[in-house]
Amino acid sequence: MESPSATAALGRALWTLLLAMLGSTVGQPLGGESICTARPLAKYSITFTGKWSQTAFPKQYPLFRPPAQWSSLLGAAHSSDYSMWRKNEYVSNGLRDFAERGEAWTLMKEIEAAGEKLQSVHAVFSAPAVTSGTGQTSAELEVHPRHSLVSFVVRIVPSPDWFVGVDSLDLCEGGRWKEQVALDLYPHDAGTDSGFTFSSPNFATIPQGTVTEITSSSPSHPANSFYYPRLKSLPPIAKVTLVRLRQSPRAFVPPALDLASRGNEIVDSLSVPETPLDCEVSLWSSWGLCGGPCGKLGAKSRTRYVRVQPANNGTPCPELEEESECTPDNCV
């Protein structure tokens, strides 16, 4: 039988080992991911640039009520145990409200709750709305080694529940903060509204779907505003650039992005992609009455109309009227 002193010594040793194990896991992200070992804090500028032009996206391009534009940008610097949105997963109530109506209140409350309960959110940042499809907006944000991931969303206006954004972009790599990151952005469907076009009325998706990327062929419906079957992929509809700040934010000068600005219109120095838009016509009408003199062949006709005018060297429209020989019904 062991002596009390030996038992106490063993207990102290086990307790010391347990504390060491717990100490080694404090602050570790979920999933066994490594901790960023970069210097404590880093500040970045984030610049969002819309590329939603009528040349690049000619189909059903919104020109009024409202014209093509972007909502305010809302984002967070966080750890791996928080997710603002994720492809192939269901969105929260807050992101649903933001994607459908641009209402940020519930989403802000969700981010705040995650920061208080899970200590998973370090900071929230936002940038003003953009009043045209090709405008630009910017903000500043701060990241921490335990909160080195950045996520944000911007709503496409008008749209049923479409948005662009970034999910958990890690600004720390190899123990260092990245100096600059530039990403092309593509439209996503929040899975909460079943509208096909920019101006579709509200039509809730029941049951709710997951977040999916909208492509030139998906959804595979000709009425979809992003349906361009001749394209292998859509051109980017927006771009985001993050640049690490090394001086005081007050002295910060936004980085040159090689953009030319005309009022609220911003156009890349490189040529804007010209997405071909093929002509779309309606179905043929019914044949008209067959007219003509008795004892001879007459003629009847039918018509169709243009639903979508071609653009950017798209397939031209076919004939809109067709005639055919017939035997007169009421000859004269």
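Let's start at asparagine 312, which sits in the loop between β17 (306–308) and β18 (321–326). The model you're looking at is a predicted one, and in it asparagine 312 has a positive phi of about 55°, even though it is not a glycine. How exposed is asparagine 312? With a relative accessible area of 23%, asparagine 312 counts as partly exposed, because that category begins where "buried", under 20%, leaves off.

Now head back along the chain to arginine 65, another residue with that kind of backbone angle. Arginine 65 isn't a glycine either, yet its phi is positive, at about 55°. You'll find arginine 65 in the loop between β1 and β2. Its relative accessible area is 81%, so arginine 65 is exposed, the cut-off for that being over 50%.

Stay in that spot for a moment, since the next peptide bond is worth a look too. Arginine 65 is joined to proline 66 by a cis peptide bond, with omega at about -15°. Proline 66 also belongs to the loop between β1 (42–50) and β2. For another cis bond, go to the step from isoleucine 206 to proline 207, where omega is near -5°. Proline 207 lies in the loop between β10 (188–189) and β11.

Those loops lead us to a sheet. Which strands make it up, and in what order? Reading across, you get β3-β2-β5-β6-β10-β11, an open sheet of 6 strands with antiparallel pairing. At its edges stand β3 (121–127) and β11 (212–213); each has a single partner strand, so one side of each is left without a neighbour in the sheet.

Further in, take a look at β5 and β6. Strand β5 covers residues 149–157 and strand β6 covers residues 162–170; the two run antiparallel and are joined by 6 bridges. If you'd like a particular pair to find, try valine 154, whose bridge partner in β6 is valine 164.

Finally, bring in the helices. Helix α3, made of residues 105–117, packs on the sheet and touches β2, β3 and β5. The direction of helix α3 makes about 160° with that of β3. Helix α2, residues 93–101, lies across β2 (69–78), β5 and β6. Measuring its direction against β5 gives an angle of about 35°. So what do helices α2 and α3 both touch or lie across? Strands β2 and β5 appear on the list for α2, and on the list for α3 as well.

Note on methods: Residues numbered from 1 in each chain as written. Predicted model: local features only at pLDDT ≥ 70, side-chain atom pairs only at ≥ 80, totals over all residues. Heavy atoms only, no water. Pairing = 2+ DSSP bridges. Helix = DSSP H or I, 4+ residues; strand = E, 2+ residues; numbered from the N terminus. Contact = heavy atoms within 4.5 Å. Axes fitted to C-alpha atoms, helices over the stretch in contact; angles between N-to-C directions. Buried < 20%, exposed > 50% of the residue type's maximum accessible area, 1.4 Å probe, protein only.
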